[in-house]
Amino acid sequence: ELNCVLTRVHWQQDRRVLDYCDRHGILIQLEVPTWGGGTFQGLGPGELETITRNGLDQLGEMIARDRNHPCVFSWGLCNEVDGQNPVAQEFVRRMLREAKSLDPGRLCSYASNSLQTTPERDVAGEMDFIEWNEYYESWYGGDPAAMRANLETIHRAFPDKPIVISEYGYCACTADRPENDPRRIEILRTRPVGSLEIKAGGRAFVAVVRTRPDLPAYTLRGYKLRWTAYGNGAIPLERGEIALPDLVPGSVSETPFGPKGPDAGRLLVEIVRPTGFSVASVRA
């Protein structure tokens, strides 16, 4: 419903990545790379304080350097630390207090993979929004119906908090998963445009746009059809843009377009976000 694109990363990024996100309107969560439930198990004397100090130092450096990038909508405090472990909870709370003291107006969260049971006990509930790493149909087993039931349980535990699936995927990397890239592509595909097809009839063309019918689909608002006509030597001759209607998930639109000049031999047709970033393209 927000008609926006967001992502998260496991560690601090090069400034060029943030510059790119600023230009293209991509929201990003940067993260301190404290990672794994085993991090806070079996700690010896002083080890929790050493880990915490390292995390706080990295958090402070990250905020000081990157806080003025408009693409940064959230600080990631850590990843999959077992937020129901009291020792890990102490670390997360200290990171949260520090982030809020350094940058009070920005959101904070941590990516949890411990919300499958008793989510109400997880420190994720103390964040500005809930982040959940889910791997149903792969490491978690189960199916989309089980994922939906799990999401509903999380929502009941934190009814006033937005929930973001902060990580998902599929590892076709073992002998019992022979399907390899085609299945991974099917699972990981996130663009809301399902397909873009060009139908030609003489000098006239029609762009047929189909939107995805299911998650992660959303209504497309302010998108455009952009076409570029090329002549001999791949020299661009004409370019045009046509506003697309609002497209709800599972809808189809047909938009006529075409170059005026007689010398166009090849076309590049793109679907463009309101920020000018191309999300689908086809050559005709």
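**Exercise 1. The largest nonpolar core**

Task: In this predicted model, find which residues of the largest nonpolar core touch the most other members, and which helix gives the most to this core.

Solution: Begin with the core itself, which has 37 residues, and among these Ile28, Leu30, Leu59, Leu77, Val92 and Tyr110 touch the most other members. Next, ask which elements supply at least two residues each: these are helix 1 (15-24), strand 2 (26-31), helix 2 (47-66), strand 3 (72-79), helix 3 (86-102), strand 4 (107-112), strand 5 (130-133) and helix 4 (144-157). Helix 3 gives the most to this core, namely six residues. As background, nonpolar side chains in soluble globular proteins tend to be buried together. Finally, look beyond this core, where another one lies apart from it, with 20 residues that include Val193, Tyr218, Leu244 and Leu267.

**Exercise 2. The surroundings of Tyr110**

Task: Name residues in contact with Tyr110, leaving aside its neighbours within four places in sequence.

Solution: Going along the chain, the contacts of Tyr110 include Leu77, Cys78, Glu80, Val81, Asp82 and Gly83, then Val92, and further on Asp122, Val123, Ala124, Met127 and Glu131. Of these partners, Leu77 and Val92 are listed, together with Tyr110, among the core residues that touch the most other members.

**Exercise 3. Two aromatic pairs**

Task: Decide for the rings of Phe40 and Phe91, and then for those of Phe205 and Phe257, whether each pair is stacked or tilted.

Solution: A pair of aromatic rings is described by the distance of the centres and the angle of the planes. The count of aromatic pairs here comes to eight. In the pair of Phe40 and Phe91, the ring centres are 5.0 Å apart and the planes stand at 40°, so the pair is tilted. Because Phe40 lies in the loop between strand 2 and helix 2 while Phe91 lies in helix 3, the pair ties together parts that are 51 residues apart in sequence. Both Phe40 and Phe91 are buried.

For Phe205 and Phe257, the centres are 5.7 Å apart and the planes are at 25°, which lies under the cut-off of 30 degrees, so this pair is stacked. Phe205 belongs to strand 8 (residues 204-211) and Phe257 to strand 11 (residues 252-257), so that the pair links distant parts of the chain, 52 residues apart. Phe205 and Phe257 are both buried.

**Exercise 4. Other ring arrangements**

Task: Find which residues form one aromatic cluster with Trp132, and over which ring the charged end of Arg266 sits.

Solution: The cluster joins Trp132 with Tyr135, Tyr136 and Tyr140. The charged end of Arg266, in turn, sits over the ring of Tyr230, at 4.9 Å from its centre.

Conventions:
Residues numbered from 1 in each chain as written. Predicted model: local features only at pLDDT ≥ 70, side-chain atom pairs only at ≥ 80, totals over all residues. Heavy atoms only, no water. Core = buried A, V, L, I, M, F, W, Y, C linked by side-chain atoms within 4.5 Å. Buried < 20%, exposed > 50% of the residue type's maximum accessible area, 1.4 Å probe, protein only. Helix = DSSP H or I, 4+ residues; strand = E, 2+ residues; numbered from the N terminus. Contact = heavy atoms within 4.5 Å. Phe/Tyr/Trp six-rings, centres within 6.5 Å; stacked < 30°, edge-to-face > 60°. Lys NZ or Arg CZ within 6 Å of the ring centre and 35° of its normal.
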